[in-house]
Amino acid sequence: MRRVVVFVSEGVVLLDLGMVSSAFEDDLSEGAIQYQLRYACLDGKSARTSHRLRIEAHGGLELFRQAHTVVVPAFTSVNRSATPAVFDALRAARAAGARLVGLATGAFVLAEAGVLNDGVAAVSVEWSDVFARRFPQVDVASGVPYVDWEGVSTSSDSAGTVALLRHLTRRDSDGVNETDSLSALKEWIVHNLEKPLSLDALAGRAHLSQRTLIRRFRAETGLSPGQWVLARRIDAAKTLLETTPDTVDQIARAVGFSCASTLRDHFKRVTGVTPSNYRSVVLNVDRELRSN
C-alpha cells in the first residue's frame, strides 16, 4: 500500500484535486498498485478550494512523514506563500525518501521550500519569467508538459498534470527505478534518425530541460546529445552503405543529414574515409571472403 498525501490549503485548485483523486483512486484489480489517498492541511481539519468548497482533511503536516508521495496541487495565485512549517515538512519528507509532486503553480511551493535547488521544474509559459526571477537556483523547463527530476516532479499546466500523473502511476506499476535512464529516448532516436533531432526537441521529448538532458547524456555516455546523435547517424550510414545499393545522397537523407556533402564531411572526419571509399573497401573485403 502506497500512501499519497495531498497538501490542501486555502485556494487550492479543485480541478487538480479531482485529477489526483482519479489517478490514485482505489484499484482492487489483481496486480494493481494499491494507494491510500490522504489530505493534509495546516490545521488538520479543512480548507476551502478555489470554488469555495470545503475539503475535510485527514490530518495535519504530520501525514507527510509516512508518505510515499506528497502532492502539492496548483493554487489560484503564485503570490501566496506557504508557511515555514510547510517548507520544513516538505524538506523532511524529501529527506525521508518521499516523492514530491508539484502540479502547475504548486511548483512554486516546492521551489520556495528549496527542494528544487540545482534542479529543473516544468513551468507554464505564462509563469516562467516570474518563476525564473524568484528562483534563479532552479532551471526552468518552459513549455514542456512535465519534468521528473530526481524524485521531484512538476507539471506545467492541466494537460501536463494529466500526463505526469499517468507517468507516475505507470512507473509505480512497472516497478521502474526512480532514477530514470535515457534508454527510452536513445532507442527512439535510433529509430527516428531522419528527423531534425535538435536539442530542444530531444529535451521536450524527454520532459527535461536542455541543461539536465546534456548533464544526463554526459553522465551515461560521455557525450553530449548532439555528439551521440551524430555517432548513431554515422553508424546507420555505415549499415546502409554495407547492405543497400542506395546512393550517398539517399543515405544521407535517410539518416538525417541535409545532403550528401554534409554526410561526407562528418563521415570522413569520424572514419577517415569518404562514404564511397568505405563502401568500396567493404565490398572488396566481402568479395575476398566469398572467394576464399
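These notebook entries follow what I looked up in a predicted model, beginning with its sheet and ending with single residues.

**Ground rules.** I treated this as a predicted model, in which local features need pLDDT of at least 70, side-chain atom pairs count only at pLDDT 80 or more, and totals for chains, interfaces and linings use all residues. Residues are numbered from 1 along each chain as its sequence is written, and side-chain values use heavy atoms, with hydrogens and water left out.

**Entry 1, the sheet.** I looked up the strand order first and found an open sheet of 6 strands, β2-β1-β5-β6-β10-β9, with mixed pairing; strands here are DSSP runs of E of at least two residues, helices are runs of H or I of at least four, both numbered from the N terminus, and two strands pair if DSSP finds at least two bridges between them. The edge strands are β2 (35-40) and β9, each of which pairs on one side only. The twist averages 15° from one strand to the next.

I then followed β10 to its partners. Strand β6 (residues 99-103) runs parallel to β10 and is joined to it by 4 bridges, with leucine 103 having serine 155 as its bridge partner in β10. Strand β9 (residues 146-149) pairs with β10 (residues 152-155) in the antiparallel sense, also over 4 bridges. β9 and β10 form a hairpin with 2 residues between them, and glutamate 150 in that turn has a positive phi of about 45°.

Across the sheet I noted helix α1 (residues 14-23), which lies over β1 (2-7), β2, β5 (69-72) and β6 and runs at about 155° to β2; such angles run from 0 to 180 degrees between N-to-C directions, and axes are lines fitted to C-alpha atoms, for helices over the stretch in contact.

**Entry 2, tryptophan 149.** I wanted to know how an edge strand is covered, and in β9 I found Tyr146 and Asp148 on one side and Val147 and Trp149 on the other, all of them buried (under 20% relative accessible area, with exposed over 50% and partly exposed in between, using a 1.4 Å probe and protein chains only). Tryptophan 149 has a relative accessible area of 6%, and its bridge partner in β10 is valine 152. Not counting residues up to four places away in sequence, tryptophan 149 touches ten residues' worth of listed neighbours, among them Arg94, Val115, Asn117, Asp118, Thr212, Arg215 and Arg216, where contact means heavy atoms within 4.5 Å. The C-alpha atoms of tryptophan 149 and leucine 103 are separated by 14 Å, the two residues being 46 residues apart along the chain.

**Entry 3, the cores.** I looked for nonpolar cores, meaning sets of buried Ala, Val, Leu, Ile, Met, Phe, Trp, Tyr and Cys residues joined through side-chain atoms within 4.5 Å. The largest has 61 residues, and those with the most contacts inside it are Phe64, Leu90 and Phe131. Helix α3 (residues 106-113) gives the largest share of this core, 6 residues. Leaving aside neighbours within four places in sequence, leucine 90 is in contact with Phe64, Val70, Val72, Leu100, Val109, Leu110, Ala113 and Val115. A second, separate core of 26 residues includes Leu193, Leu213, Ala237 and Ala260.

**Entry 4, two helix pairs.** For helix α2 (residues 84-95) and α3, I found axes that come within 9 Å and cross at roughly 80°. The two are therefore roughly perpendicular to each other (65 to 115 degrees, whereas under 35 counts as roughly parallel, over 145 as roughly antiparallel and the rest as oblique). In this contact Val86, Phe87, Leu90 and Arg91 of α2 meet Val109, Leu110, Glu112 and Ala113 of α3. By class the contact has 6 nonpolar, no polar and 2 charged residues, with Ala, Val, Leu, Ile, Met, Phe, Trp, Tyr, Cys and Pro counted as nonpolar, Asp, Glu, Lys and Arg as charged, and the others, Gly among them, as polar.

I next turned to helix α7 (residues 199-206) and helix α8 (residues 210-221), which pack at an angle of about 85° with their axes 9 Å apart. On the α7 side Leu199, Asp200, Leu202, Ala203 and Ala206 meet Gln210, Leu213 and Ile214 in α8, and the residues of this contact divide into 6 nonpolar, 1 polar and 1 charged.

**Entry 5, single residues.** Histidine 207, in the loop between α7 and α8, has a positive phi of about 60° although it is not a glycine, and I noted that this histidine is buried at a relative accessible area of 18%. Alanine 104, in the loop between β6 and α3, likewise is not a glycine and has a positive phi of about 55°. Aspartate 235 lies in helix α9 (residues 225-243) and counts as partly exposed at 34% relative accessibility. Between aspartate 235 and valine 190 I read a C-alpha to C-alpha separation of 9.9 Å, for residues 45 apart in sequence.
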